[in-house]
Amino acid sequence: MNDVLRDLLEQSTTLTLEEIILHIVSSALISIAIYISYWFTHVGTAYSKKFNVSLVTLTILTATVMTVIGNNIALSLGMVGALSIVRFRTAIKDSRDTTYIFWAIIVGICCGVGDYIVAGVGTITVFCVLLVSGRVRNENRILLIIKGSRNNELKIESVVFNYFNKKALLRVKNSTTSSIEFIYEMSRKTYELSYKQEKSIINALYDLEQVEYVNIVTQNDEISG
């Protein structure tokens with residue numbers, strides 16, 4: 001039994017120079033598809049050139065590690081232990097970025113063990129999916145924040161209702177003995193309904209007596225770094 005375990009732990013395969021180069025070069029070539037896909041699906045402030053370059057290097061590094069490990073169980077266990085101490089605290093700006101990280105790692109693993117067909121077919125499939133749906137973006141939400149005299153509570157609610165009907169959702173209503181604050185949430189399309197009115201929603205609210213401020217805030221699901 002001990003001999004079997006020893007043979008498993010000491011099992012290793014020596015790769016030729018051509019095989020090593022093929023593993024690394026294939027991962028670099030396939031990572032170009034990842035680079036192009038990320039560049040195409042992220043526009044404006046969501047695009048990070050540094051992160052995109054990191055995806056390419058991550059693919060190559062993963063392939064390099066897998067080439068070193070091979071089928072050596074002892075070395076793979078040691079590598080897992082070494083990598084387990086690494087802590088990544090970089091904020092993910094877009095949930096799609098997680099997909100790209102896993103994509104780069106999986107391609108690196110496939111190329112590192114010589115499964116180029118799996119890496120190629122998987123990359124083509126993911127690339128096509130992201131090509132079709134990658135530019136789908138969450139619609140920004142609009143927060144309408146109003147603070148005024150508590151005596152104007154019904155008047156403020158009436159103005160908001162007349163402009164947006166029931167499409168403006170009341171999320172927060174804070175009040176004191178003398179003032180009241182409303183926070184309404186709506187989609188951008190709903191907010192654009194106010195453009196059809198002769199007077200803007202801001203001017204209509206300020207025409208009421210004792211309105212302290214009217215703030216309009218755009219909110220989305222992205223985390224700013």
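This passage walks through the fold, the strand pairing, the loops, the cysteines and a surface patch of one protein chain.

The structure is a predicted model, in which local features need pLDDT of at least 70 and side-chain atom pairs count only at pLDDT 80 or more, whereas totals for chains, interfaces and linings use all residues. Residues are numbered from 1 along each chain as its sequence is written, and side-chain values use heavy atoms, with hydrogens and water left out.

The overall layout comes first. The protein contains 9 helices and 4 strands, where helices (H or I, at least four residues) and strands (E, at least two) are DSSP runs numbered from the N terminus. Along the sequence these elements follow the order α-α-α-α-α-α-β-α-β-β-α-α-β. Of the 225 residues in the protein, 30% are buried; here buried stands for under 20% relative accessible area, exposed for over 50%, and partly exposed for anything in between, with a 1.4 Å probe and protein chains only. The exposed surface of the protein comes to about 14,500 Å², and carbon and sulfur atoms supply 61% of that area. Accessible areas were computed by the Shrake-Rupley method with a 1.4 Å probe, and for residues only the protein chains shown count as cover. Among contacts in the protein with a separation of 6 or more, 75% are between residues 24 or more positions apart, a contact being heavy atoms within 4.5 Å.

The strands can be followed through their partners. Two strands are taken to pair if DSSP finds at least two bridges between them. Strand β1 spans residues 141-149 and is mostly covered, with 7 of its 9 residues buried. It pairs with β3 in the antiparallel sense over 9 bridges, and Leu143 has Glu185 in β3 as its bridge partner. Strand β1 is also joined to β4 by 8 bridges, again running antiparallel; in this pairing, Ile146 is matched with Val214 in β4. Strand β2 (residues 169-175) in turn runs antiparallel to β3 (residues 179-187), and 6 bridges join the two. Asn174 stands opposite Glu181 in β3, and the hairpin that connects β2 to β3 passes through 3 residues. As a reminder for viewing these strands, side chains in a regular strand alternate between the two faces of the sheet.

Some loop residues around these strands also deserve a look. Asn152 lies in the loop between β1 and α7 and counts as buried because its relative accessibility is 5%. Leaving aside neighbours within four places in sequence, Asn152 is in contact with Leu208, Glu209 and Gln210. The last of these contacts leads to the loop between α9 (201-206) and β4 (211-219), where Gln210 lies. Gln210 is not a glycine, yet its phi is positive, at about 60°. With a relative accessibility of 56%, Gln210 counts as exposed. A positive phi, near 55°, is also found at Asn165, likewise a residue other than glycine. Asn165 sits in the loop between α7 (153-164) and β2, and its relative accessibility of 46% makes it partly exposed.

What is the disulfide count? The count comes to 0 disulfides under a rule that asks for a pair of cysteine sulfur atoms within 2.5 Å. Cys110 is in no disulfide, and its nearest cysteine sulfur, that of Cys111, is 6.8 Å away. Cys111 is likewise in no disulfide, with the sulfur of Cys110 as the nearest, 6.8 Å away. Cys110 is buried, with a relative accessible area of 13%, and Cys111 is buried at 0%.

Cys111 belongs to helix α5 (residues 95-112). Not counting residues up to four places away in sequence, Cys111 touches His23, Ser26, Ser27, Ile30, Ala63, Tyr116 and Ala119. One of these, Ser27, is 84 residues from Cys111 along the chain, yet their C-alpha atoms are separated by 5.7 Å.

Finally, the surface carries a nonpolar patch formed by Leu17, Ile21, Val25, Leu29, Ile32, Ile36 and Trp39, with about 700 Å² of accessible area together. Patches are made of residues with over 30% relative accessible area and no salt bridge, like charges being joined within 9 Å and nonpolar side chains (Val, Leu, Ile, Met, Phe, Trp, Tyr) within 5 Å. A salt bridge in turn is a side-chain nitrogen of Lys or Arg within 4 Å of a carboxyl oxygen of Asp or Glu. Within this patch, Leu17 is found in helix α2 (residues 17-41) and counts as exposed, at 58% relative accessibility.
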